[in-house]
Amino acid sequence: MTEAPFTHDHLKHILVERIGLSEAEVPDELNTTFTELGLDSLAIVELQLSLQQDYGVSIPDENAHAMGTLREAIDYVNYQRFSPEVV
Amino acid sequence: MITTLPERRRRAVITGIGVVAPNGIGADAWWSATTAGMSGIRRISRFDPSRYATRFAGEVEGFEARDYIDRRLMMQTDRWTWMGLAAASMALDDAGFRPADHDPYSMSVITASSSGGNEFGQVEIQKLWSKGANHVGAYQSIAWFYAATTGQISIRHGMKGASGVVVTEGAGGLDALAQGRRAVFRGVDTVVSGGVEAPIGPYALTCQMATGRLSSVDDETAYRPFDERASGYVPGEGGAILLVESLDSARRRGAPTIYGEILGYGATHDGHHPWAPPPNASQLARAITLALRDAQIDPEELDVVFADGAGCRDWDDLEAQALRAALGDNAAAVPVSVPKSMTGRLYAGGASLDVASALLAMRRGLIPPTIHADRPVANSGLDIVRDESRTADVRTALVIARGYGGFNSALVLRRMPTDNTNDADLESR
């Protein structure tokens, strides 16, 4: 499949539409952690469900903690989508 | 007679009222509408009801959750919890009570719910069946269940005392207040209590229609309690959250208004059948008698009765029978009203809203009417307050509530003196 990379804008969309942050609350700084954004463990589950449902990535339990920052989440999705056999 | 109550106990009073109702948001707006006989019952507008057997309901128009809670919390919760959070904030504001100033463990949350987060649950069930289990959102786990509103109120206001949810359908609003009173007896100072319900959606309405008790009349006058033309009840959404406090702590902190005391309570169960009415009103009558006994008052001391008023002839007849049995000759003398004829039955939210009516009736000297009961059942033997509010000096009120499946509850409220600084009676009773 031909896909555009998963970007900060896509992640922002999820954080606004599924978690309820305002657009202004989503920083450009990619090293910001989700915890710093005020997401609790259930919000992080919701975020990961959205990545699985809407972007088709697989997030097995052992990888659930692999995306602590915005950058890690973006990288995880792109890594999965473009080399899914590796994970 | 079983007596388990201690000789002297703490006293539970109500100091704050928060209302989200089909005929008004906020206690003032709702009370103005209610005493003016203004109904909130309309054709359902939140979805197309044309293919449903019941098409009229009491919807809370103009309720904007974002006026009360932030967007993140909205994503995690159902409309029912939005209304509960809004009403709880109103009750706290009304009482001038700032939770942050108090010991978290001295504050409890005990609300009623009879159907949980209906709308949220429907959306997630539709995702489950149309897209699969992986498409159900994580917040379904905390949004649908009956304790969600209690939990969110507790989290938001930092209230960590013993908390819970009561599930007894339409009786829940009284049962939660009674449980709140028990918490006060056991040493808690403050309880956010009462109930709300948000059952006006396709899935929730379908569940209710299965009882065969809803009116199918396409008219704002469909709900006619104690009327010859009773056609069943109209469902509605909303309710009331009230602040229950120990009298001591309310006075210590200088609560601006002590509306009244929860003086007595009784609850029974028909134990007869999952849905058929009982053969007689003995258990409902017993709930009333237990409440009067708990309050240590005689029937003639009652100044008003807020009845359950199901709007079904068999249930209405049973309630009239129970009032005659429990109150004797006084059943014909005491004014009876069913303001829920203006809102529809709010299930777990209905009885606490009736308690709000009773408290404001005491304070303002006005009994709100039962509307559309133009042809009262001739042999009910009751003095129904019809069409217009009635001026009355209301000192003591009885509120009756029934829950589908056989729940019967009765609560007695007594007005507090406006000036409570020199009232020896407050200390001695």
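**Exercise 1. How many salt bridges does the rule count over all chains?**

*Solution.* The criterion comes first: a salt bridge is a side-chain nitrogen of Lys or Arg within 4 Å of a carboxyl oxygen of Asp or Glu. By this rule the count over all chains comes to 25. Side chains of opposite charge can pair when their charged atoms come close.

The conventions that apply throughout are as follows. This is a predicted model, in which local features need pLDDT of at least 70 and side-chain atom pairs count only at pLDDT 80 or more, while totals for chains, interfaces and linings use all residues. Residues are numbered from 1 along each chain as its sequence is written, chains are lettered from A and ligands numbered from 1 in the order in which they are written, and side-chain values use heavy atoms, with hydrogens and water left out.

**Exercise 2. Assess the confidence of the prediction for chain B and for the complex.**

*Solution.* Step 1: pLDDT is the predictor's confidence in each residue, from 0 to 100. Chain B has a mean pLDDT of 95, and 95% of its residues reach 70 or more.

Step 2: over residues 420–429 of chain B, pLDDT stays under 50. For this segment the model has 19 contacts (heavy atoms within 4.5 Å) beyond four places in sequence.

Step 3: for the complex, the predictor gives an ipTM of 0.89 and a pTM of 0.94.

**Exercise 3. Describe the nonpolar cores and the surroundings of Val355(B).**

*Solution.* Step 1: a nonpolar core is a set of buried Ala, Val, Leu, Ile, Met, Phe, Trp, Tyr and Cys residues joined through side-chain atoms within 4.5 Å. Buried means under 20% relative accessible area, exposed over 50%, and partly exposed in between (1.4 Å probe, protein chains only).

Step 2: the largest core has 46 residues, and Ile17(B), Val355(B) and Leu413(B) have the most contacts inside it. Helix α13 of chain B (residues 350–364) provides the largest share of this core, 9 residues. Helices (H or I, at least four residues) and strands (E, at least two) are DSSP runs, numbered from the N terminus.

Step 3: beyond its neighbours within four places in sequence, Val355(B) contacts Ile14(B), Leu174(B), Leu177(B), Leu242(B), Val399(B), Leu411(B) and Leu413(B).

Step 4: apart from this core lies another, of 45 residues, among them Leu214(B), Ala222(B), Tyr347(B) and Leu382(B).

**Exercise 4. Characterise the interface of chain B and chain A.**

*Solution.* Step 1: the contact takes 11 residues from chain B and 16 residues from chain A. The two chains bury about 1,100 Å² between them, 47% of it on carbon and sulfur atoms; buried area is the accessible area (1.4 Å probe) that two parts lose on being put together, summed over both. Arg71(B), Arg72(B) and Tyr139(B) supply 52% of the area that chain B buries against chain A, more than any other three residues.

Step 2: across this interface the rule finds 1 salt bridge. Glu25(A) forms a salt bridge with Arg72(B), with the closest N and O atoms 3.2 Å apart. The elements of chain B that give two or more residues to the side touching chain A are α2 (71–76) and α5 (140–143), and α2(B) contributes the largest share, 3 residues.

Step 3: Glu46(A), found in helix α2 (residues 41–55) of chain A, is buried at a relative accessible area of 5%. Not counting residues up to four places away in sequence, Glu46(A) touches Arg18(A), Ile19(A), Gly137(B), Ala138(B) and Tyr139(B).

**Exercise 5. Locate three salt bridges within chain B and state the burial of each partner.**

*Solution.* Step 1: the side chains of Asp218(B) and Arg55(B) meet in a salt bridge (2.8 Å, N to O). The pair links distant parts of the chain, 163 residues apart: Asp218(B) is in the loop between α8 (202–209) and β8 (238–246), and Arg55(B) in the loop between β3 (41–43) and β4 (56–58). Asp218(B) is partly exposed at 42% relative accessibility, whereas Arg55(B) is buried at 17%.

Step 2: Arg345(B) forms a salt bridge with Asp308(B), the closest N and O atoms being 2.9 Å apart. Arg345(B) lies in the loop between β11 (335–337) and α13, and Asp308(B) in the loop between β10 (304–306) and α11 (313–327), so the pair ties together parts that are 37 residues apart in sequence. Arg345(B) is buried at 8% relative accessible area, and Asp308(B) is buried at 3%.

Step 3: Asp354(B) and Lys340(B) meet in a salt bridge (2.9 Å, N to O). Asp354(B) is in helix α13 and Lys340(B) in the loop between β11 and α13, so parts 14 residues apart in sequence are tied together. Asp354(B) counts as buried at 3%, and Lys340(B) is buried at 6%.
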